[in-house]
Amino acid sequence: MADFFPGKRYTRSMRILVVEDEKRIADFVSRGLESAGYAVDVAPDGATAIDLQHATEYDLVVLDLGLPDMDGLAALKKIRNRKVSPPILILSARDSVDDRVKGLEGGADDYLVKPFAFVELLARVRVLLRRGQPTPERLQVGNLTLDCIRRKVTRAGEHVELAPKEFSILEYLMRNRGRPLSRTMIVEHVWDMDYDGLTNIVDVYIRHLRSKIDDPSPEKMIQTVRGIGYMLDMPEAVTGSGS
Ligand code: CA
């Protein structure tokens, strides 16, 4: 049986299929995901992946593009052709923009270039797994509220004036409350493009956001997560998480 981390919001293990022929990477990824509380199956090639996917309902597929028996993009198409298909996170050593675009056009939901840090993979997995849940029109964390339709933010009932990018970052953080988001994820989400090497632009925007959202309040919600990026939550929830 899988171990659960305390405080996890689900009762059933989310099941993840890892498609990767390189044993070292497959082990590293599957062990990491298992210790984060997920149930993991590993497929060493595309054919096995498609068989497993027919037999089991997965919540997420982590897919290497360089497979021994078929191109990962072909495997991606086969997985996507099914009626109910899980979100797909592509892993690839191919870091050209062209491959990234092809992967995303082929129906992948996210793309991570090798080599990667496990924390970055885990952050992306967590965000993908919560997709598909209904998205509320109004987000609330403590006394911070964000109206997604009217694009209005209040803290303790006071209106907070935000620039469009600041609003988008705050919305992304609030939608993923309690989940660390890497700088790269924030850049890709908010600017909708690949800003390689310019991720420190996120730090600048976070500084602006903190001065508007957190500075006037004793409760600081925007947290720096070392080695990853940022996370938004109530301060007591953050200190209580122990991770
Ligand atoms: Ca490979």
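The following exercises, each with a worked solution, concern a predicted model.

**Exercise 1. The calcium site**

Identify the protein donors of the calcium ion, and state whether Asp 64 and Gly 66 are buried or exposed or partly exposed.

Solution.
- Step 1. The protein donors are Asp 21 and Asp 64, through OD, and Gly 66, through O. They lie 2.2 to 2.4 Å from the calcium ion.
- Step 2. Along the sequence, the spacing of the donor residues reads D-x42-D-x1-G.
- Step 3. Asp 64 has a relative accessible area of 4%. Buried means under 20%, and Asp 64 is therefore buried.
- Step 4. Gly 66 has a relative accessible area of 39% and is therefore partly exposed.

**Exercise 2. An open sheet**

Determine the order of the strands in the open sheet of 3 strands, and state which strands stand at its edges.

Solution.
- Step 1. The order is E10-E12-E11, and the pairing is antiparallel.
- Step 2. Strand E10 (181-182) and strand E11 (222-225) each have a single partner strand, so they stand at the edges. One side of each is left without a neighbour in the sheet.
- Step 3. Strand E12 (residues 229-232) is joined to E10 by 2 bridges. Leu 181 has Tyr 230 of E12 as its bridge partner.
- Step 4. Helix H8 (residues 200-213) lies across E11 and E12, and its direction makes an angle of about 150° with E11.

**Exercise 3. The aromatic rings**

Classify the ring pairs formed by Phe 28 with Phe 116 and with Phe 118, and state which parts of the chain each pair ties together.

Solution.
- Step 1. A pair of aromatic rings is described by the distance of the centres and the angle of the planes. The count for this model comes to 2 aromatic pairs.
- Step 2. For Phe 28 and Phe 116, the centres are 6.1 Å apart and the planes stand at 40°, a tilted pair.
- Step 3. Phe 28 belongs to helix H1 (residues 23-35), and Phe 116 to the loop between strand E5 (110-113) and helix H5 (118-130), so the pair ties together parts that are 88 residues apart in sequence.
- Step 4. For Phe 28 and Phe 118, the centres are 5.9 Å apart and the planes stand at 75°, so the pair is edge-to-face.
- Step 5. Phe 118 lies in helix H5 and Phe 28 in helix H1, so this pair ties together parts 90 residues apart in sequence.
- Step 6. At 39% relative accessibility, Phe 28 is partly exposed. Phe 116 is buried at 15%, and Phe 118 is buried at 18%.
- Step 7. Ring pairs thus link Phe 28, Phe 116 and Phe 118 into a cluster.

Note on methods:
Residues are numbered from 1 along each chain as its sequence is written. This is a predicted model: local features need pLDDT of at least 70, side-chain atom pairs count only at pLDDT 80 or more; totals for chains, interfaces and linings use all residues. Side-chain values use heavy atoms; hydrogens and water are left out. Donors are N, O and S atoms within 2.8 Å of the metal (3.2 Å for Na, K and Ca); water is not among the atoms, so sites may look incomplete. Buried means under 20% relative accessible area, exposed over 50%, partly exposed in between (1.4 Å probe, protein chains only). Two strands pair if DSSP finds at least two bridges between them. Helices (H or I, at least four residues) and strands (E, at least two) are DSSP runs, numbered from the N terminus. Contact means heavy atoms within 4.5 Å. Axes are lines fitted to C-alpha atoms, for helices over the stretch in contact, and angles run from 0 to 180 degrees between N-to-C directions. Rings of Phe, Tyr and Trp (its six-membered ring) pair if their centres lie within 6.5 Å; planes under 30 degrees apart count as stacked, over 60 as edge-to-face and the rest as tilted.
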